[in-house]
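This report addresses the strand arrangement, the nonpolar core and two individual residues of one protein chain. Please keep the sequence and the structure in view while reading.

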Amino acid sequence: MRLAKMILAGSALTVVSAMAHAQVAHAQATPTIKETPPPPGTQKGLVTVVDRLNNTVAIRAEPNKPDRTKAQDGAKAEGEKAEGAKEAAKPEAAKPEGITERFKIDPKLVETVHAGDKVKFSVSDSGDPKTITKIGPE
């Protein structure tokens, strides 16, 4: 009986260590996910109003942000540094916000968004108001 318990314990340890090794190998083999840039014509914004009866949404577009990599070349003049310090001291409320626009949306798509969601969306330029063709989380 004692021999059977030792064999059972040994096989249990072998199985546990094999499972742990398999999980480590799986974690190492998983490639990293790279974020792909949005396709041209895609906009970002914040959903402010969802009107499910009329199939419309109001989205406040995010202002375009400058590319930080170009600004980090380290070659700033002293005058530019002083201006940057003055701008940094301004309160957040002084920055202009994006323009809120109203869009038509497909009844199936209107069920996927809620007020307060940050979204990426594509718009067709025909009609008034414009129609959202694709919308998804940011």
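The sections below cover the model, the barrel, the core and two residues.

## Basis and confidence

This is a predicted model, in which local features need pLDDT of at least 70 and side-chain atom pairs count only at pLDDT 80 or more, while totals for chains, interfaces and linings use all residues. Residues are numbered from 1 along each chain as its sequence is written, and side-chain values use heavy atoms, with hydrogens and water left out.

The protein chain has a mean pLDDT of 74, with 62% of its residues at 70 or more; pLDDT is the predictor's confidence in each residue, from 0 to 100. Across residues 67–82 the pLDDT is below 50, and this stretch has 1 contact in the model beyond near neighbours in sequence. Residues 88–95 also have pLDDT below 50, with 0 contacts beyond near neighbours in sequence. Contact means heavy atoms within 4.5 Å.

## The barrel

A barrel is closed by 5 strands in the order S1-S2-S3-S5-S4, with mixed pairing. From one strand to the next, the twist averages 50°, where axes are lines fitted to C-alpha atoms (for helices over the stretch in contact) and angles run from 0 to 180 degrees between N-to-C directions. Strands (E, at least two residues) and helices (H or I, at least four) are DSSP runs numbered from the N terminus, and two strands pair if DSSP finds at least two bridges between them. Strands of a sheet pair through backbone hydrogen bonds, either parallel or antiparallel.

Strand S1 (residues 42–51) pairs with strand S2 (residues 56–61) in the antiparallel sense over 6 bridges; Asp51 has Thr56 as its bridge partner in S2. S2 and S3 are antiparallel, with 5 bridges, and Ala58 is partnered by Arg102 in S3. The pairing of S3 with S5 is parallel and consists of 2 bridges.

On the other side of S1, strand S4 (residues 118–124) runs antiparallel to S1, joined by 5 bridges. S4 is also antiparallel to strand S5 (residues 131–137), through 6 bridges. Ser122 is the bridge partner of Thr42 in the S1–S4 pairing, and Lys134 in S5 is the bridge partner of Ser122. The hairpin of S4 and S5 has 6 residues between the strands, and Gly127 there takes a positive phi near 85°.

## The nonpolar core

The largest nonpolar core has 12 residues, among them Val47, Val57, Phe103, Phe121 and Ile135. Such a core is a set of buried Ala, Val, Leu, Ile, Met, Phe, Trp, Tyr and Cys residues joined through side-chain atoms within 4.5 Å. S2, S3, S4 and S5 each give two or more residues to this core, and S4 gives the most, with 3 residues.

Ile105 is one of the core residues. Beyond its neighbours within four places in sequence, Ile105 contacts Asn55, Thr56, Val57, Val110, Ile132 and Ile135.

## Thr56 and Lys104

Thr56 lies in strand S2 and is buried, with a relative accessible area of 10%; buried means under 20%, exposed over 50% and partly exposed in between, with a 1.4 Å probe and protein chains only. Residues up to four places away in sequence aside, Thr56 touches Val49, Val50, Asp51, Arg102, Phe103, Lys104 and Ile105.

Lys104 belongs to strand S3 (residues 100–105) and stands opposite Thr131 in S5. Lys104 counts as partly exposed because its relative accessibility is 36%. Outside four places in sequence, its contacts include Asn55, Thr56, Pro129 and Lys130. The C-alpha atoms of Lys104 and Val123 are 9.4 Å apart, with their positions 19 residues apart in sequence counted as separation.
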